[in-house]
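Let's walk through this structure together, one feature at a time. Have the sequence and the 3D view ready as you read.

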Amino acid sequence: PTVNFTAAANPTGAQRSGTLTIAGQSFTVTQAGQTCSYTIAPTSQNFAVGGGTGTVNVTALTGCNWTAASNASWLTITSGATSSGNGSVGFSVAANT
């Protein structure tokens, strides 16, 4: 006899697996995750000469890891430097002396 099964679409970016037990035997099904993609909002911000703080929202599928980093000494990541899925990144802008 043939055993038929269906697997629902994987809505996350993470691979997943499950096991069917058929006639006392284990049958493992592994399913790839969606391709991870990322969006940020806003994509830019302006600050006065005195600096300040800001937040950028990150949108990503569950299971999609991301990191935030600064390439300038006057910009500092204050929260959310590493996360997975949706999140936010806090940053500070030093005064421009």
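**A disulfide and a pocket**

Cys 36 and Cys 64 are linked by a disulfide, with an S to S distance of 2.1 Å. Keep in mind as you look that this is a predicted model. The structure holds 1 disulfide, so what does the pair tie together? Cys 36 sits in the loop between strand 2 (25–31) and strand 3 (38–41), while Cys 64 sits in the loop between strand 4 and strand 5, so the bond ties together parts that lie 28 residues apart in sequence.

Now turn to the geometry of that bond. The torsion about the S-S bond of Cys 36 and Cys 64 is about -90°, which means that the disulfide is left-handed. The surroundings of each cysteine are worth a look too. Cys 36 has 30% relative accessibility and so counts as partly exposed. Cys 64 has a relative accessible area of 0%, and because buried means under 20%, Cys 64 is buried.

Next, look for empty space. The largest pocket holds about 530 Å³ of space. Its lining is made up of 26 residues, and the closest to the pocket centre are Phe 47, Val 56, Leu 75, Phe 91 and Val 93.

Which strands supply at least two residues each to the lining of the largest pocket? They are strand 4 (52–60), strand 5 (65–67), strand 6 (75–79) and strand 8 (87–93). As for chemical class, the lining of the largest pocket has 17 nonpolar and 9 polar residues, and no charged residues.

How values were computed:
Residues numbered from 1 in each chain as written. Predicted model: local features only at pLDDT ≥ 70, side-chain atom pairs only at ≥ 80, totals over all residues. Heavy atoms only, no water. 1 Å grid on protein atoms, 1.4 Å probe; cavity = no way out; pocket = protein on both sides within 12 Å on 5 of 7 lines; lining within 4 Å. Points joined across faces, edges and corners; volume = space filled by probe spheres on them. Helix = DSSP H or I, 4+ residues; strand = E, 2+ residues; numbered from the N terminus. Nonpolar A, V, L, I, M, F, W, Y, C, P; charged D, E, K, R; others polar. Disulfide = S-S within 2.5 Å. Buried < 20%, exposed > 50% of the residue type's maximum accessible area, 1.4 Å probe, protein only.
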